[in-house]
Every structure is written in structure tokens, then in C-alpha cells.
Amino acid sequence: MSYDSDNIFAKILRDEIPSIRVYEDDATLVFMDIMPRAPGHVLVIPKTPARNILDASPDQLLAVMGTVQKLSHAVMKAFDAEGVTTQQFNEAAGGQEVFHLHVHVLPRHTEVGLNPPGVMGDMGELQANAAKIRAALD
Ligand code: AMP
């Protein structure tokens, strides 16, 4: 399987479609998941092409996981969470829907389940949650 540069996250990286960005460094970008499974659900992606964990370079994985750790602290602080769930899917059979490497980061609270999948978030709420995460990163 090869990388398709027309995937939706590649378009987000090129600013061809809108996204709610919360953080970036030289190697990674973080933005709000548009169908959040929890308030504060973000996606961490490398800025360079990788379909998923199967073709990513060690450097890409290192950069992404460094940012995942940084955002894990930030979302826990922003949402006063007790834990964090990270998820990462590979190929359609593995649950992947967008074929640019990404890690989900979700703040969690004891005995609070995830929202159902596939439900569009409210834009105002997503923007407000992004602001909380940006503030926690400062
Ligand atoms: P998966 O490949 O299974 O990890 O799922 C892709 C994730 O990307 C889902 O959680 C979607 O809600 C999310 N997603 C899809 N399109 C967008 C978009 N334009 N902006 C932000 N998140 C998106």
C-alpha cells in the first residue's frame, strides 16, 4: 500500500481544507478531531508523508510520540482528566479510515465512557476546547 497525497490529513497539512490547529513543531501537527469521542480529542500527525505505522520511519515515530506525550499532559490539564487514552489504527482491517499516520489522544475520567463514533462535533465547542488545550500548553 502506498501513500496517497490526496488524503484528507495531507490536505489539512497543505491548508487546502480547514482544521482547528492546537499545536505544531517542525515535525508534527496537532488538530481537533472533527468527530470527538471525548471533549479534547486531538489527532497528532507527522508533517511528512507516512501511511501508518507500517511504513513510518523511526524518526517520524519518535517525533509523533514525543508530541503525543506533550499533548497527553496538556489535555489532562485542560480537562482536569485522571487519565488519557491513545489510539492508533493501521490499514482498513485495523480500523484506519484516513491513510496518513495519526495518533488519537483523548483525556479520560473514571467511569466516563467514550462518545459514539461518527458524530460531528459542534464547531463552537471544538474551538473552545482547542483554546483550553493551547492555554494548557503555555
Ligand atoms: P481513523 O483513521 O480510524 O483513526 O479515523 C480517522 C479520524 O479522523 C476519525 O476520528 C475522524 O473523526 C477524524 N477526521 C476525519 N476527517 C477529519 C477532519 N477533516 N478534521 C479532523 N478530524 C477528522
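A polar contact here is a pair of N or O atoms within 3.5 Å; within protein, one must be able to donate a hydrogen and the other to accept it, and residues adjacent in sequence count only if both atoms are side-chain atoms. The side chains of N90 and Q88 make one, at 2.8 Å. This is a predicted model, in which local features need pLDDT of at least 70 and side-chain atom pairs count only at pLDDT 80 or more, while totals for chains, interfaces and linings use all residues. Residues are numbered from 1 along each chain as its sequence is written, and side-chain values use heavy atoms, with hydrogens and water left out.

N90 sits in the loop between β4 and β5; helices (H or I, at least four residues) and strands (E, at least two) are DSSP runs, numbered from the N terminus. Neighbours within four places in sequence aside, N90 is in contact (heavy atoms within 4.5 Å) with N52, I53, L54 and Q96.

Now to the ligand. Of the 16 residues around it (a heavy atom within 4 Å), D33, G95, E97, H102 and H104 come nearest. Here are some polar pairs:

| Residue | Protein atom | Ligand atom | Distance |
|---|---|---|---|
| I34 | backbone N or O | nitrogen | 3.2 Å |
| E97 | polar backbone atom | oxygen | 2.6 Å |
| H102 | side-chain N or O | oxygen | 2.5 Å |

Taken alone, the ligand exposes 510 Å², and the protein buries 88% of that; these areas come from the Shrake-Rupley method with a 1.4 Å probe.

Let's turn to the interior. The largest nonpolar core (buried Ala, Val, Leu, Ile, Met, Phe, Trp, Tyr and Cys residues joined through side-chain atoms within 4.5 Å) has 22 residues, and V22, M32, V42, L71 and I133 have the most contacts inside it. Buried means under 20% relative accessible area (1.4 Å probe, protein chains only). Two or more residues each come from β2, β3, α2, β5 and α3, with α2 giving the most, six. Another core, of seven residues, lies apart and includes F9, I12, F31 and I45.

What about α2 itself? Its 21 residues should span 30 Å at 1.5 Å a residue (times one less than the number of residues), and because its end C-alpha atoms are 30 Å apart, the two agree. Its buried residues are Q60, V64, T67, V68, L71, S72, A74, V75 and A78. An α-helix has 3.6 residues a turn, so residues three or four places apart point the same way. Cover for the buried residues of α2 includes β1, β2, β3, β4, β5 and α3. Just after α2, D80 takes a positive phi of about 50 degrees.

Conventions:
Buried < 20%, exposed > 50% of the residue type's maximum accessible area, 1.4 Å probe, protein only.
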